[in-house]
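Hi,

Here is the model I promised to pass on. Have a look at it first, and then read my notes underneath.

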Amino acid sequence: MSRKFNFSAGPAALPEAVLDRIRDDLPEYGDIGSSVMEISHRGKVFGEIAARAESDLRELLSIPDDYRVLFLQGGATAQFALIPMNLLRDGELADYVVTGHWGKKARAEAARAGRINLAADTVESGYTGLPPVGDWRLTENAGYLHFTPNETIAGVEFPSEPEGVAAPLVADMSSNILSRPLDVLRYGLIYAGAQKNIGPAGLCVLIIHDDLLARCREDLPSVFSYRAQAERGSMLNTPNTFAWYVAGLVFQWVKEQGGVEAMGERNRRKADLLYGAIDDSDFYANPVALEARSRMNVPFTLADPSLDPLFLEEAERAGLLALKGHRSVGGMRASIYNAMPEEGVKALVAFMSDFERRHG
Ligand SMILES: *Cc1c(COP(=O)(O)O)cnc(C)c1O
């Protein structure tokens, strides 16, 4: 077996230790005679797996007791619609700040389910920066403000929470949850599709404050209702048990690495190394404003785009996978989530320098 360095934006690489553990747990988990995929979600064994995953996540992110943690299906995209459906009361408006592709999608889906105000949008700059909070056109008494702390495609990340917003903050953290310390208290609702920093696709972790939950509408079909899901411990119907179990293994792995503080330091070093290599060269470029650069997704272009296919082909031969940029941006993108070791980024930087020497 030869695992390569996988820079996929999502579904993304999982820590090798987690994959080893999954393999060890197949076809039999412990001594129960079955695998995790083949047991009741209402039984004792899965109940313990589920509870441990939640308590480890609570510990990692210091989630206070007055927040509920839900393990839902339908990815982050389902939440784009379910958030306004659950949170907006009659006549209420939500503010949306769009700094990239995912925020734009979140807003478009929300507009089908509720009344939305576009408070800020950086589309005209090609999503290469962050709009100053002072310029946001905020609605008085907005039901919530939605933003995307890390835009996975443009590689744009908020360095910290926006200050001075009165409405509860609702954040799509699909591509940067667990990548650094997080002040959960600043948020009303946090959600994250699992396939970047948590586990397999098909699971969405949602963290919601009790006050916001208490305001949620009750007249929704029950699987779409946050209140109904919270009351039933996310087991209103059969949850994605396998993904929940793997997420639990990833949470244990993050704890073993030293938690989100250690992850944050490691991710900072990885990003500095890669951006440093890009900035030191005239051959590679990244268009994002310095203070808005993502530590998770690093898009970069080659001075001569006709070399793109050769770059990708040689990178793959060097064991560096999935570096092709999103079709809307072009060029390359290196996603360096928690599971990407520092050696992977070092190998990429060495390859880039060698490629530049030969073709630059
Ligand atoms: C990947 C991603 C999504 C989409 O998640 P799905 O699980 O495919 O619905 C949404 N938001 C962000 C920030 C993402 O990175």
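Below is what I found in it, going from the ligand outwards to the strands and then the loops.

One thing before the details: this is a predicted model.

**The ligand**

I started with the ligand, which has 13 residues around it. The closest are Thr77, Thr152, Asp172, Gln195 and Lys196. Three of these put polar side-chain atoms beside the ligand. For Thr77, a polar side-chain atom sits 2.6 Å from a ligand oxygen, and Thr152 has one at 2.5 Å from an oxygen atom of the ligand. With Asp172 the ligand atom is a nitrogen, 2.6 Å from an N or O atom of the side chain. On its own the ligand has 390 Å² of accessible area, and the protein covers 86% of that.

What is the shell made of, in terms of nonpolar, polar and charged residues? The split is 3 nonpolar, 8 polar and 2 charged. If you want one element to look at here, take helix α3 (residues 75-87): with 4 residues, this helix gives the most to the shell.

**Two buried asparagines**

Next, have a look at Asn176, in the loop between β8 (169-172) and β9 (189-193). Despite the loop position, Asn176 is buried, because its relative accessible area is 5% and the cut-off for buried is under 20%. Its side chain has a polar contact with the side chain of Glu157, at 3.0 Å. Leaving out residues up to four places away in sequence, Asn176 touches Pro149, Asn150, Glu157, Asn197 and Met296.

Asn297 belongs to strand β12. Is Asn297 buried or exposed? It is buried, at a relative accessible area of 0%. The side chain of Asn297 makes a polar contact with that of Ser335, at 2.9 Å. Beyond four places in sequence, the residues Asn297 touches include Asn150, Glu151, Thr152, Tyr275 and Arg333. Two of those names come up elsewhere in this email: Asn150 is also touched by Asn176, and Thr152 is among the residues closest to the ligand.

**Strand β10 and its partners**

Strand β10 (residues 204-209) is worth rotating on screen. 6 of its 6 residues are buried, so the strand is largely enclosed by the rest of the structure. Both faces are covered: one side has Cys204, Leu206 and Ile208, and the other has Val205, Ile207 and His209, all of them buried.

Which strands pair with β10? β2 does, antiparallel, over 6 bridges, and β9 does as well, also antiparallel, over 5 bridges. To find the pairings quickly, use Arg68, whose bridge partner in β10 is Ile208, and Tyr191, whose partner there is Leu206.

**An open sheet of three strands**

There is also an open sheet of 3 strands, in the order β11-β12-β14, with antiparallel pairing. β11 (284-285) and β14 (332-335) are at the edges with a single partner strand each, so each has one side without a neighbour in the sheet. Between β11 and β12 (residues 297-302) there are 2 bridges, and Ala285 is opposite Thr301 of β12.

**Backbone oddities in the loops**

Last, a few places to check in the backbone. The peptide bond from Gly10 to Pro11 is cis, with omega near -10°. Pro11 is in the loop between β1 (5-6) and α1 (16-24). Another cis peptide bond joins Leu26 and Pro27, with omega about -5°, and Pro27 is in the loop between α1 and α2 (44-61).

Two residues other than glycine have positive phi: Ser62, near 45°, and Tyr127, near 55°. Ser62 is in the loop between α2 and β2 (67-72) and is exposed, with a relative accessible area of 56%. Tyr127 lies in the loop between β4 (115-121) and β5 (145-147), but this one is buried, at 14%.

That's what I have. Over to you!

Key:
Residues are numbered from 1 along each chain as its sequence is written. This is a predicted model: local features need pLDDT of at least 70, side-chain atom pairs count only at pLDDT 80 or more; totals for chains, interfaces and linings use all residues. Side-chain values use heavy atoms; hydrogens and water are left out. A residue is near a molecule or strand if one of its heavy atoms lies within 4 Å of it. A polar contact is a pair of N or O atoms within 3.5 Å; within protein, one must be able to donate a hydrogen and the other to accept it, and residues adjacent in sequence count only if both atoms are side-chain atoms. Accessible areas come from the Shrake-Rupley method with a 1.4 Å probe; for residues, only the protein chains shown count as cover. Ala, Val, Leu, Ile, Met, Phe, Trp, Tyr, Cys and Pro count as nonpolar, Asp, Glu, Lys and Arg as charged, and the others, Gly among them, as polar. Buried means under 20% relative accessible area, exposed over 50%, partly exposed in between (1.4 Å probe, protein chains only). Contact means heavy atoms within 4.5 Å. Two strands pair if DSSP finds at least two bridges between them.
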